[in-house]
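This briefing is meant to be read beside the sequence and the coordinates. It takes up aromatic pairs, charges over rings, an enclosed helix, the domain arrangement and the annotated positions in turn.

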Amino acid sequence: MPELPEVETTRRKLLPLFVGKRLLQLEHRDPRRYRHTERAEGQRVEGIRRRGKFLLFALTEGWEMVVHLGMTGGFRLERSPHTRVAFHLEDQEIFFHDPRRFGRIWVVRKGDYQKIPLLLQLGPEPLSEDFRFHEFWLGLKGSQKPLKALLLEQRLAAGVGNIYADEALFRARLSPFRRGRELGEAEAQRLFLALKEVLAEAVALGGSTLSDRTYQQPDGLPGSFQMRHAVYGRTGLPCPVCGTPIAKRVVAGRGTHFCPRCQGF
């Protein structure tokens, strides 16, 4: 699933394509997944921001278009066999591509997210000033869940998913199986800083494009942070620090990659 770096990269690439343009039509055949899109037709896009893994298009007349890319969704400049929504603008067409059909679009009154529960439950943005260590540590200390599960919940830091949770835990030298309440202040500080570092680097490099190439930027370019992955997707390969083979186990229903030596096993 696209995570914060991939969604933020997408947002930045979409800004010159959408902002200031009028949405003439949103063409699709699935009103269950793409809800009330007729409300956006005729509206001008005033801005695009990101909240966690969601894109929020500010429209005129108080409307907002919320886009969640799901597992395989993304925007493209050309139509494909997996095009699900065609955005007809004044000067061009842009296409929402989603092979596995988990992406969603809602058009709602600005800030009216009652039918999008996950959006209401998001924690602070980890690359913003709202991400503060004291609150982060309190969240860790108040939970008996494994660190990997806590990071995936989105309450400690919005937008973190499987890739960047694994990479941040490796940089912080912490086991994904450690309980949140077990961490001391210095350990929590390492994780706090590692999250910010990993996510900032990934945004700067356009996110991670994996071997299936599901995620691409709207202009078709891949991300390149996958070249810096230390553990994610590297099962059996040597740890870049100590040479121990990278292991993989399941935590919170997700495949989790780690170094048994560097991360305290």
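In this predicted model, F131 has a relative accessibility of 5% and therefore counts as buried, the cut-off for that class being under 20%. F192 likewise counts as buried, because its relative accessibility is 5%. The model has 15 aromatic pairs in total, and the rings of F131 and F192 form one that counts as stacked, because their centres are 4.5 Å apart and their planes stand at 25 degrees, with stacking assigned to planes under 30 degrees apart.

**Aromatic pairs and cluster**

- The pair of F131 and F192 links distant parts of the chain, since 61 residues separate the two: F131 belongs to the loop between helix 2 (117–120) and helix 3 (133–141), whereas F192 belongs to helix 6 (residues 185–204).
- A stacked pair is also formed by F133 and W137, so classified because the planes of their rings are at 15 degrees, with the centres 5.9 Å apart.
- Both F133 and W137 are located in helix 3, where 4 residues, about one turn of the helix, lie between their positions; F133 is buried, as is W137.
- An α-helix has 3.6 residues a turn, so residues three or four places apart point the same way.
- One aromatic cluster is made up of F18, Y34, F57, F75, F87 and F96.

**Charges over rings**

- K141 places its charged end over the ring of W137, at 4.2 Å from the ring centre, and this is the W137 whose ring stacks with that of F133.
- In a second arrangement of this kind, R109 lies over the face of W63, with a distance of 3.9 Å from the ring centre.

**Helix 5 and its surroundings**

- Helix 5 (residues 162–171) is largely enclosed by the rest of the structure, because 9 of its 10 residues are buried.
- The buried residues of helix 5 are N162, I163, Y164, A165, D166, E167, A168, L169 and F170, and the elements covering them include helix 1 (4–18), helix 4 (147–152), helix 6 and strand 11 (254–258).
- R173, just after helix 5, adopts a positive phi of about 60 degrees.

**Domains**

- According to the domain assignment, the protein has domain 1 (4–121) and domain 2 (133–258), and the centres of domain 1 and domain 2, taken over C-alpha atoms, are 27 Å apart.
- To the contact, domain 1 contributes 19 residues and domain 2 contributes 20 residues.

**Annotated positions**

- In an unreviewed entry, UniProt lists H82 and R100 under "binding site"; although these positions are spread over 19 residues of sequence, they cluster in space, with a largest C-alpha distance of 8.5 Å.
- From this set, R100 is part of the lining of the largest pocket.
- H82 is found in the loop between strand 6 (74–76) and strand 7 (83–89), and its relative accessibility of 32% is why H82 counts as partly exposed.
- Leaving aside residues up to four places away in sequence, H82 touches F96, H97, D98 and P99, and F96 is also one of the members of the aromatic cluster.
- R100 is found in the loop between strand 8 (93–97) and strand 9 (104–109), and R100 counts as partly exposed because its relative accessibility is 49%.
- With residues up to four places away in sequence again left out, R100 touches M71 and T72.

Methods
Residues are numbered from 1 along each chain as its sequence is written. This is a predicted model: local features need pLDDT of at least 70, side-chain atom pairs count only at pLDDT 80 or more; totals for chains, interfaces and linings use all residues. Side-chain values use heavy atoms; hydrogens and water are left out. UniProt positions are given in the numbering used here, feature names are shortened, and annotations may be inferred rather than shown by experiment. On a 1 Å grid over the protein atoms alone, a cavity is a set of points where a 1.4 Å probe fits but cannot get out, and a pocket is an open set with protein on both sides within 12 Å along at least five of seven lines; lining residues have an atom within 4 Å of a point. Buried means under 20% relative accessible area, exposed over 50%, partly exposed in between (1.4 Å probe, protein chains only). Contact means heavy atoms within 4.5 Å. Rings of Phe, Tyr and Trp (its six-membered ring) pair if their centres lie within 6.5 Å; planes under 30 degrees apart count as stacked, over 60 as edge-to-face and the rest as tilted. A charge sits over a ring if NZ of Lys or CZ of Arg is within 6 Å of the ring centre and within 35 degrees of the ring normal. Domain bounds come from an automatic or database domain assignment.
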